[in-house]
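Work through the two exercises below with the sequence and the structure in view, and try each task before reading its solution.

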Amino acid sequence: MHRNPHITKNICFVVATPSSAESFLKDHIKALSQSYNIYLAADYTNYPDFHLDGLKGIYHFPISRQISIKRDMQAVKALADYFRKMKFDAVHSVTPKAGLITALAGKLAGIKHRTHIFTGQVWATKTGKMRTLLKSIDKLIVGLDNHILVDGEAQRQFLIKEGVLSEKNSRVLGAGSICGANTERFTPSEDVRKQQRKELNIPEDAVVYSFMGRLNRDKGIYELLGSFNAVAPDYPNAYLLIFGSDEENCMSDLSGYVNIKPGVNFQYYGKTSTPELSLQASDVFCLPSYREGFGMSVVEASCLGIPVICSDAYALADTMVDNETGLRCKVKDFDTLEKAMVYFYNHPEERKRMGENGRKRVLELFPGEKIVQAWYNFYKEILE
């Protein structure tokens, strides 16, 4: 990927907020900038000092998270005007709302290569009119764009089954995931494990179950709390550690969980900026989610050699292998989650085996550099 001194092709990525680009596109942008001029369009209202290496330029346009026909049409017009002015060779959207606005603006502006990547479906757990509306938005994006990517094969098959995609008009780059795992950053270390437990005041002999992500019902947070509450009385060394932003105020009242005792067998840490360190305090990573696009947190935990417990939500099939890198529980099911937690508590040798298998699998399938190369090859294919 040597930088071309005569760069002529221009690509614009579009996201709702710059934080999405920071989390998922940083390495792609840096690599692609060696051969193309890369721009990023987003709502920069709360990010006045945003910077990413490799960007040729940025464009601010207001994008509302909620559906608003007036504001959304204004965003489409602003983005279409920008696309025409810049004469982009390709535009590429991430997240549903940005996807719809980019698809409409790209079509209006006559952009030749219009790409969207699906990273999860909000409508998967909805019912009635809202499910129909959100699903129809995804169908519209597919109808308007001419390159459709999905960040996992299990998710792609779900979308095909639901009639959103077809086998011919969609693809997964590499083995899946939007950005892969940074295998150097997410490296297991016994010293880090001991240091993290010391800082968090967690006993060395505790069997720690961890969760990392947005705290809301769809992530299965109440199943996790309920199952741990059932496990704790009979397994005195069990400990639950939770990281992430509490979107639905889930941590405000734990009084219903009489066996969850903050400071004794439970800790809510909040958000962490160093997941590669924080997660190493745990023995088992749990994600009993109702829906996922891919399950990047599972891959990162596996990369650290931590066995996982995942729900059987459709897209998580790509992130782990049952009985090899972790155990599956059923969606919205306390019993199978509780049994998996007890199994790992009683079988430290299996925790070690599945954790080691998980890291090997990530190193083989999901290293960040492999995914970056796959994106680079994709753009070389369509632009050159």
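**Exercise 1.** In this predicted model, find how much space lies in the largest cavity, and state which residues line the largest cavity.

*Solution.* The space in the largest cavity comes to about 30 Å³. As a next step, count the cavities: with the cut-off set at 30 Å³ or more, the count is 1 cavity. Now look at the lining of the largest cavity, which is formed by I117, L149, V150, D151, L173, S177 and W375. Finally, sort these lining residues by kind, which gives 5 nonpolar, 1 polar and 1 charged; Asp counts as charged by definition, so D151 is the charged residue of the lining.

**Exercise 2.** Work out the order of the strands in the open sheet, and then determine which helices pack on the sheet or lie across its strands.

*Solution.* Begin with the sheet, which is open, has 7 strands with parallel pairing, and follows the order β3-β2-β1-β4-β5-β6-β7. The edge strands are β3 (55-60) and β7 (170-171), since each of them pairs on one side only. Next, take one pair within the sheet: β1 (residues 10-14) and β4 (residues 90-94) run parallel and are joined over 4 bridges, and here V14 has S93 in β4 as its bridge partner. Helix α4 (residues 96-109) packs on the sheet, where it touches β1, β4 and β5 (113-118), and its direction makes about 160° with that of β4. The last step concerns helix α13 (residues 368-383), which lies across β1, β4, β5, β6 (147-150) and β7, and which runs at about 155° to β5.

Terms used. Residues numbered from 1 in each chain as written. Predicted model: local features only at pLDDT ≥ 70, side-chain atom pairs only at ≥ 80, totals over all residues. Heavy atoms only, no water. 1 Å grid on protein atoms, 1.4 Å probe; cavity = no way out; pocket = protein on both sides within 12 Å on 5 of 7 lines; lining within 4 Å. Points joined across faces, edges and corners; volume = space filled by probe spheres on them. Pairing = 2+ DSSP bridges. Helix = DSSP H or I, 4+ residues; strand = E, 2+ residues; numbered from the N terminus. Contact = heavy atoms within 4.5 Å. Axes fitted to C-alpha atoms, helices over the stretch in contact; angles between N-to-C directions.
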